[in-house]
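I am opening this notebook to record what I looked up in one structure, going from the chain as a whole to a single residue.

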Amino acid sequence: MPRLRSDFWVSAHLRRLNGENIPAVQRRRGSAEAGAIFVKIDRLDGTADLYGPAPQALIDADDAGDRRFTPILTAVPSPDVEERLAREIRFDSDLWIVEIDDREGRHGLLLAE
């Protein structure tokens, strides 16, 4: 099964989060078809988490159509997440950034196991 385009996935994920009263915004628009998606969770206490695309090796063949994520940074000072995002943008300018503000760290992502 082909994977959902990045623009559709981001739009649907934002709608789902906002429907659950979890404030989230699209902070950066990347390539509509296949841009990598990074998700920052601002915990509103000066710390943040960052999730990025899971490596293909962690994705099961049965899940080929789903986007899976893996934690990159967890419970670190927010400037550390911003620094990492800046490095990712230098590496791949077509990436997307979704930012969520949630003290509990809720994100609704499918995580790779």
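The entries below begin with the overall fold and then turn to one arginine.

Entry one, the fold. I note at the start that this is a predicted model. I looked up the secondary structure and found two helices and five strands in the protein chain, which follow one another along the sequence in the pattern α-β-β-β-β-α-β. The radius of gyration is 13 Å, close to the 13 Å that the globule rule gives for 113 residues, so I can call the chain as compact as a globular protein of that length. I also read off the span of the C-alpha trace along its principal axes, which is about 40 × 35 × 25 Å.

Entry two, burial and contacts. I found that 42% of the 113 residues count as buried, and that the chain exposes about 6,500 Å², with carbon and sulfur atoms supplying 50% of it. Taking contacts between residues at least 6 apart in sequence, I see that 72% join residues at least 24 apart.

Entry three, Arg67. I located Arg67 in the loop between strand S3 (47-53) and strand S4 (69-77). Which side chain of opposite charge is nearest to Arg67? It is Asp7, 7.6 Å away, and Arg67 has no salt bridge although it is buried. I then looked for polar partners: the side chain of Arg67 makes a polar contact of 3.0 Å with that of Ser6, and a polar atom of the Arg67 side chain lies 3.1 Å from the backbone oxygen of Leu4. Leaving aside neighbours within four places in sequence, I list among the contacts of Arg67 the residues Trp9, Glu33, Ile37 and Leu110.

Definitions and conventions:
Residues are numbered from 1 along each chain as its sequence is written. This is a predicted model: local features need pLDDT of at least 70, side-chain atom pairs count only at pLDDT 80 or more; totals for chains, interfaces and linings use all residues. Side-chain values use heavy atoms; hydrogens and water are left out. Helices (H or I, at least four residues) and strands (E, at least two) are DSSP runs, numbered from the N terminus. Buried means under 20% relative accessible area, exposed over 50%, partly exposed in between (1.4 Å probe, protein chains only). Lys and Arg count as positive and Asp and Glu as negative; His and the chain ends are not counted. A salt bridge is a side-chain nitrogen of Lys or Arg within 4 Å of a carboxyl oxygen of Asp or Glu. A polar contact is a pair of N or O atoms within 3.5 Å; within protein, one must be able to donate a hydrogen and the other to accept it, and residues adjacent in sequence count only if both atoms are side-chain atoms. Contact means heavy atoms within 4.5 Å. The radius of gyration is taken over C-alpha atoms; the globule rule is 2.2 Å times the number of residues to the power 0.38. Accessible areas come from the Shrake-Rupley method with a 1.4 Å probe; for residues, only the protein chains shown count as cover.
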